[in-house]
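Biologist: Could you walk me through this one? I'd love to hear about the ligand site and the sheet beside your picture of it.
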Amino acid sequence: MIPMLDLKLQYAMLKSEIDAAVADVLQSTTFIMGPNVKQFEIEAANYLGVKHAISCNSGTDALHLGLRACDIGMGDEVITTSFTYAATVEAICHTGATPVFVDIDPVTFNMTAETIDAAITSKTKAILPVHIFGQVSDMQTISQVASNYKLKIIEDCAQSFGARIGTQKTGTFGDAGCFSFFPSKNLGCYGDGGLFTTNSDEIAEQFMLLKLHGSKVRNQHEIIGWNSRLDEIQAAILRIKLRNIDDFNLNRIAVAKKYSQLLNSSTIQTPSFNEDLSHVFHQFTILSKTRNKISKKLASENIGHAIFYPMPLSEQPAFSSVSRSGNLSNTQEICSQCLSLPMFPEMSDEQIEQVVDSIKHL
Ligand SMILES: Cc1ncc(COP(=O)(O)O)c(C=O)c1O
């Protein structure tokens with residue numbers, strides 16, 4: 001049996017540090033807005049190379065409140081991808097804005113500057129690129145389009161912690177970045193958690209207000225806000241994991257390279273290794289016309305796998321009538337052929353070989 005993701009191995013490796021850090025928080029009885037949250041925000045900002053890193057309850061909240069902090073609301077259009085998790089689009093809808101879906105590149109699965117450019121109208125206020133599966137979007141060309149039309153960029157970095165172009169990390173290219181620390185993410189905590197990043201003092205201040213009941217000073221509420229906090233236990237765990245994130249990501253890249261080499265001669269399309277756009281392989285996602293056969297074979301051998309995502313969000317009942325889309329033919333084809341294989345930093349060569357042996361000739 002090979003799981004899709006094995007969190008036990010990482011916990012075993014960091015157990016003594018994590019157990020001690022959690023015990024310290026329990027002893028302190030400071031569970032909310034304590035020293036670990038403060039330190040984690042400083043350490044994350046330093047790691048990412050950004051002025052403000054503000055923690056919150058989830059990636060969904062980082063997106064929703066982040067869009068609001070960037071002044072996105074009713075009547076605005078936000079250009080995004082329909083090949084993403086529902087949270088990306090829910091966040092846009094919760095602000096009152098309209099999601100506008102554009103097609104994706106068949107190799108990177110990310111939106112491109114060309115498709116974005118063609119979808120811009122007088123109502124377009126922002127672009128929301130998703131660095132899907134850990135692959136960085138082409139932020140140079142997307143930033144150029146944003147600058148031509150004076151649009152905001154809010155990056156969905158839920159799957160791309162530590163991914164970079166050169167030395168610049170995701171979450172620092174646009175006006176804001178939104179991260180998720182859901183346990184399965186490449187930087188994950190042991191519950192829910194999220195992070196919002198920005199270099200703008202004004203956007204950071206607005207996000208702080210929104211996440212803390214609209215209040216800067218106790219008992220004074222300037223706007224109607226939300227309650228969205230990362231707790232001390234999760235922050236203590238994330239501080240330990242953050243110190244190891246580069247090793248985790250490098251191991252993921254090594255697993256992906258091995259998969260790609262072994263699957264090389266088959267009819268399966270593997271992710272590209274682009275020298276300029278880096279990939280941290282939150283998922284290792286293949287394309288195959290025989291996807292359903294592959295899925296059945298893996299299931300019969302107890303090998304974990306998942307379909308991210310089986311349907312463009314533009315076709316989901318929740319979003320079909322509240323969004324606008326152009327031609328999404330690449331997205332539709334990718335949804336019908338994609339399959340994600342087991343991927344975690346501690347995967348052994350034997351496990352990778354076993355997965356490949358199972359599917360190579362299908
Ligand atoms: C692309 C993407 N955006 C947003 C989210 C939402 O993050 P969270 O689950 O922390 O709310 C996720 C996580 O599932 C995601 O994969």
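Biologist: How many residues surround the ligand?

Modeller: Happy to help, and please keep in mind that this is a predicted model. Counting a residue when one of its heavy atoms lies within 4 Å of the ligand, we get a shell whose closest members are Gly 59, Thr 60, Asp 156, Ser 180 and Lys 185. The shell divides into 5 nonpolar, 8 polar and 2 charged residues. The number surrounding the ligand is 15.

Biologist: Which helix gives the most to the shell around the ligand?

Modeller: Two helices, H3 (59-69) and H4 (86-95), each supply at least two shell residues. The one that gives the most, with 3 residues, is H3.

Biologist: What share of the ligand's accessible area does the protein cover?

Modeller: Let's start with the polar contacts: a ligand oxygen is 2.4 Å from a side-chain N or O atom of Thr 60, and an oxygen of the ligand is 2.7 Å from one in the side chain of Ser 180. A ligand nitrogen is 2.8 Å from a side-chain N or O atom of Asp 156. Of the 390 Å² that the ligand has on its own, the protein covers 91%.

Biologist: Which residue in S8 is the bridge partner of Asp 156?

Modeller: Strand S5 (152-156) runs parallel to strand S8 (176-180), and 3 bridges join them. Within S8, the partner of Asp 156 is Cys 178.

Biologist: Which strands stand at the edges of the sheet?

Modeller: The sheet is open and mixed, with 8 strands in the order S1-S9-S8-S5-S4-S2-S3-S11. Two of them have a single partner strand each, so one side of each is left without a neighbour in the sheet: S1 (52-56) and S11 (324-325).

How values were computed
Residues numbered from 1 in each chain as written. Predicted model: local features only at pLDDT ≥ 70, side-chain atom pairs only at ≥ 80, totals over all residues. Heavy atoms only, no water. Polar contact = N/O pair within 3.5 Å; in protein donor to acceptor, adjacent residues only side chain to side chain. Areas by Shrake-Rupley, 256 points an atom, 1.4 Å probe, with all protein chains shown as cover. Helix = DSSP H or I, 4+ residues; strand = E, 2+ residues; numbered from the N terminus. Nonpolar A, V, L, I, M, F, W, Y, C, P; charged D, E, K, R; others polar. Pairing = 2+ DSSP bridges.
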